[in-house]
Each structure stands twice: as structure tokens, then as C-alpha cells.
Amino acid sequence: MFWSLIMLIGAAWLTQSLFGFLQIKHFNRKYAELRSLGRVAIGKRTGLLRAGTVVMFAIDKQNNILKAAKMQGVTVFSRVKKMKEFDGKNLLTLSEDDYKHVNKLTRTAIEDALNSYEIISKGGELKVKKGWIDYLIPRKN
């Protein structure tokens, strides 16, 4: 009985790892598609037990959005989906009215993308936020 439980946990872990790998591969392929169009502004809203959201905006030299996409969900079955309502808009003039129709997680991710783009365009660096593992195992400096 004990070894059956260990084998079941191991099989579940391997299955999750496989689906996680496939999800990352899908995300990287969609990112490469957007990157081939131009620069990409990325925003995220992570969730530990809630759905996480990643938004990506492919923009041209005038900051017009060529394509927008997001990945949202809790499981490894989440996939990147198009957000056609943003195509053709200017990234720097996006207002809350432009994204008030999306859910709160997507709205937060869009605001993160706008903030990140502003920091990068001014020559700054994004701060890496501490994750739960950083609090459990502090790094030595």
C-alpha cells in the first residue's frame, strides 16, 4: 500500500511536469510570434492559490499595439489567447476605459505591463519581487 501511494505521487508529479513543460513551450512559441512583430511589453499578476495572468503586447516603433495576448488560469492547461480588442490602440495612451471590460486580474497585469514599459523606456531596471521561496530560504549576500 505504501509503495503504491509513492508510485501514484511520483506519477502525478511526472504528469504535472510534462504538462508544465508543454505549457511553457506553448507560451514561448506565442511569445516568439509576438516578438517577430516587434517589441513586446509584458505584464503579470501572479497568484499563489488564485489564477495568475500574463499579458503581452507586441508594439511597433510608435508604440501602437500590433497584437495582444494573455494567459490566465490556475492549472497547467492554461493557454495563450488573443485579446483582439487592443489591436491598433496605442500602448502609451491606454486608459482604464480601454480595459475596464476585462477582469480584475487582467486589468492588474495590463497596469503592470504599462508600468514595466515606462521603467524600461526610461532606462531603468525592473525590481525582482521576492517569492515565497525567497522568504523561506534567504539568499546570502
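The points below describe the long first helix, the aromatic pairs and the nonpolar cores of this predicted model.

1. Helix 1, which covers residues 2-35, has 34 residues and reaches 49 Å from its first C-alpha to its last, a span close to the 50 Å expected at 1.5 Å a residue.

2. Within helix 1, the buried positions are Gly20, Gln23, His26, Phe27 and Leu34. An α-helix has 3.6 residues a turn, so residues three or four places apart point the same way. The buried residues of helix 1 pack against strand 1 (39-45), strand 2, strand 3 and strand 4.

3. The count of aromatic pairs in the model comes to three. In one of them, the rings of phenylalanine 19 and phenylalanine 77 have centres 5.1 Å apart and planes at 55°, so this pair is tilted. Phenylalanine 19 belongs to helix 1, while phenylalanine 77 sits in the loop between strand 3 (65-73) and strand 4 (80-82), so the pair ties together parts that are 58 residues apart in sequence. As for accessibility, phenylalanine 19 is partly exposed, with a relative accessible area of 28%, whereas phenylalanine 77 is exposed, with a value of 55%.

4. Another of the pairs joins phenylalanine 57 and phenylalanine 86, whose ring centres lie 5.7 Å apart with the planes at 75°; because planes over 60 degrees apart count as edge-to-face, the pair is given that description. This pair, too, links distant parts of the chain, for phenylalanine 57 is in strand 2 (residues 52-59) and phenylalanine 86 is in the loop between strand 4 and helix 2 (104-121), 29 residues apart. Both phenylalanine 57 and phenylalanine 86 are buried.

5. Those two phenylalanines also appear in the largest nonpolar core, which has 17 residues, and in which Val55, Phe57, Ile65, Phe86, Leu91, Leu94 and Ile110 touch the most other members. Strand 2, strand 3 and helix 2 each supply at least two residues of this core, and helix 2 gives the most to it, with five residues.

6. Which residues does isoleucine 65 touch, not counting residues up to four places away in sequence? The contacts of isoleucine 65 are Phe57, Ala58, Ile59, Phe86, Asp87, Gly88, Lys89, Leu91 and Leu94, and among them Phe57, Phe86, Leu91 and Leu94 are named with isoleucine 65 as core residues that touch the most other members.

7. A second, separate core has eight residues, including Phe27, Leu34, Met56 and Ala58. Of these, Phe27 and Leu34 are among the buried residues of helix 1, and Ala58 is one of the contacts of isoleucine 65.

Notes:
Residues numbered from 1 in each chain as written. Predicted model: local features only at pLDDT ≥ 70, side-chain atom pairs only at ≥ 80, totals over all residues. Heavy atoms only, no water. Phe/Tyr/Trp six-rings, centres within 6.5 Å; stacked < 30°, edge-to-face > 60°. Helix = DSSP H or I, 4+ residues; strand = E, 2+ residues; numbered from the N terminus. Buried < 20%, exposed > 50% of the residue type's maximum accessible area, 1.4 Å probe, protein only. Expected span 1.5 Å × (residues − 1). Contact = heavy atoms within 4.5 Å. Core = buried A, V, L, I, M, F, W, Y, C linked by side-chain atoms within 4.5 Å.
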